[in-house]
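Here is a friendly tour of the empty spaces in a protein model and of the ligand that goes with it. Let us start with the enclosed space and then move outward.

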Amino acid sequence: MEIKITRTSNPKEKPDEGSLGFGKYMTDHMFLMNYDGEEGWHDARIVPYGPIEMLPTAVALHYAQETFEGLKAYRRADGTVQLFRPEMNARRMMNSNARLCMPAMPEEMFVEAVKALVKVDEDWVPHAPETSLYIRPFMFTNEGQIGLHTSHHFTFCIVLSPVGAYYAGGLDPVKIVVEDEYVRAVKGGTGFAKCGGNYAVSMIAQAKAEKMGYSQVLWLDGVERKYVEEVGSMNIMFKIAGKIYTAPIDGTVLPGVTRDSILQILKKWGYEVVEERLAIDDLMKAGHDGTLEEVFGTGTAAVISPVSVLNYKGDIVTIHDNKIGDLTQKLYDYLTGIQWGKEEDVFGWTVPLN
Ligand code: COI
């Protein structure tokens, strides 16, 4: 693929690596590419980061025809940069796009675009411990029409943001409230796709949770409101009597790259992993009878996030005495060890930038 590069004449000052937070700063450049029915994907370019022109009637603005991804670039101790399983994000975006009636971007093209942009802004990959460069590819239609029809013109864009921890408290355990009023996904819907609409519908519950002093919500299935599915910004796993439970990928749950990686690690370490529906009542019972040993979320942004409290309709369970569990800490250290190049990558997950 030919990529035209126009470098900024006005590079920004880099933020202090000690207080990056999440998604607050953008690098100097972004990647853009267009699609239409006749030419397919064309006009790949890297340009200075800046506003994108949108038609007021763009279908993405009215009918949410948009998908996105999230992955990271990591600085190794020797100064080189690596990506983590970028082909998984490419494949997931293809699945999301198929559901949203959007064109496929071939895996090689997606990975090439990500690499090309990160190379241009390589200096922005932070060096401080616990930091990385968050990569946000997204696709939308800018086609203007108010009638509800499928679109033929799409834009693919990638922006980059140097980040620290997703939650302000870093690896401090987060409190989660189980949402029993609103639902996020039902089978046949878009729950498995990474599309903006899924996140828009979750915000009302997130706002409600924050008002109650909680960080996130745990979604139940949209039909019976009985089985645990995922958290607003991550998948979730429960260690009950030594076994690891997590919701199956069957149409309503996001197939997380971190989720998949953690399950592979757990299996390699000899843990029994149960990818089956887990009833909220059974989970709360385990919380009360002492068999719920650890709870943690998994996601690219959140990495591995210990959970200390679950609140279901006012019934509160405290996990691992409000402290990070031993397995959660071990998984965090091992996974981030691979990502930052401190652990041998026996799975073959990392991809060098150069
Ligand atoms: C990610 O983990 O990459 C996501 O896209 C979640 C988002 C809420 C930051």
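## The cavity

The lining of the largest cavity is made up, by class, of six nonpolar, six polar and one charged residues. Here Ala, Val, Leu, Ile, Met, Phe, Trp, Tyr, Cys and Pro count as nonpolar, Asp, Glu, Lys and Arg as charged, and the others, Gly among them, as polar. This is a predicted model, in which local features need pLDDT of at least 70 and side-chain atom pairs count only at pLDDT 80 or more, while totals for chains, interfaces and linings use all residues. Residues are numbered from 1 along each chain as its sequence is written, and side-chain values use heavy atoms, with hydrogens and water left out.

There is one cavity of 30 Å³ or more (a cavity being a set of points, on a 1 Å grid over the protein atoms alone, where a 1.4 Å probe fits but cannot get out). The largest cavity has a volume of about 90 Å³ (the space filled by probe spheres set on the points, with grid points joined across faces, edges and corners). Its lining (residues with an atom within 4 Å of a point) has 13 residues, and Y74, F84, T258, T300 and Q339 are the closest to its centre. β5, α6 and α8 each give two or more residues to this lining, with the largest share, three residues, coming from β5. These elements are DSSP runs numbered from the N terminus: helices are H or I with at least four residues, and strands are E with at least two.

## The largest pocket

The largest pocket has a volume of about 700 Å³. A pocket is an open set of points with protein on both sides within 12 Å along at least five of seven lines. Its lining has 38 residues, and Y166, K194, Y199, G232 and S233 lie nearest its centre. Among the elements that give two or more residues to this lining are β7 (132–140), α5 (203–211), α6 (257–268) and β15 (292–299). By class, the lining divides into 17 nonpolar, 14 polar and seven charged residues.

## The ligand

Which space does the ligand take? The ligand occupies the largest pocket (more than half of its atoms lie within 2 Å of the grid points). Around the ligand are F68, G70, Y134, R136, Y166, K194, S233, T300 and A301 (a heavy atom within 4 Å). This shell has four nonpolar, three polar and two charged residues.

For polar contacts (pairs of N or O atoms within 3.5 Å), the side chain of Y134 has an N or O atom 2.5 Å from a ligand oxygen. A polar backbone atom of A301 is 2.8 Å from an oxygen atom of the ligand, and a polar side-chain atom of R136 lies 3.2 Å from a ligand oxygen. The protein covers 89% of the 290 Å² of accessible area that the ligand has on its own (Shrake-Rupley method, 1.4 Å probe).

## The second largest pocket

The second largest pocket has a volume of about 290 Å³. Of its 24 lining residues, E130, G164, A165, Y166 and Y332 are the closest to the centre. β5 (71–75), β16 (303–312) and α8 (326–339) each give two or more residues, and β16 gives the most, with three. This lining has 14 nonpolar, seven polar and three charged residues.

Technical notes. Polar contact = N/O pair within 3.5 Å; in protein donor to acceptor, adjacent residues only side chain to side chain.
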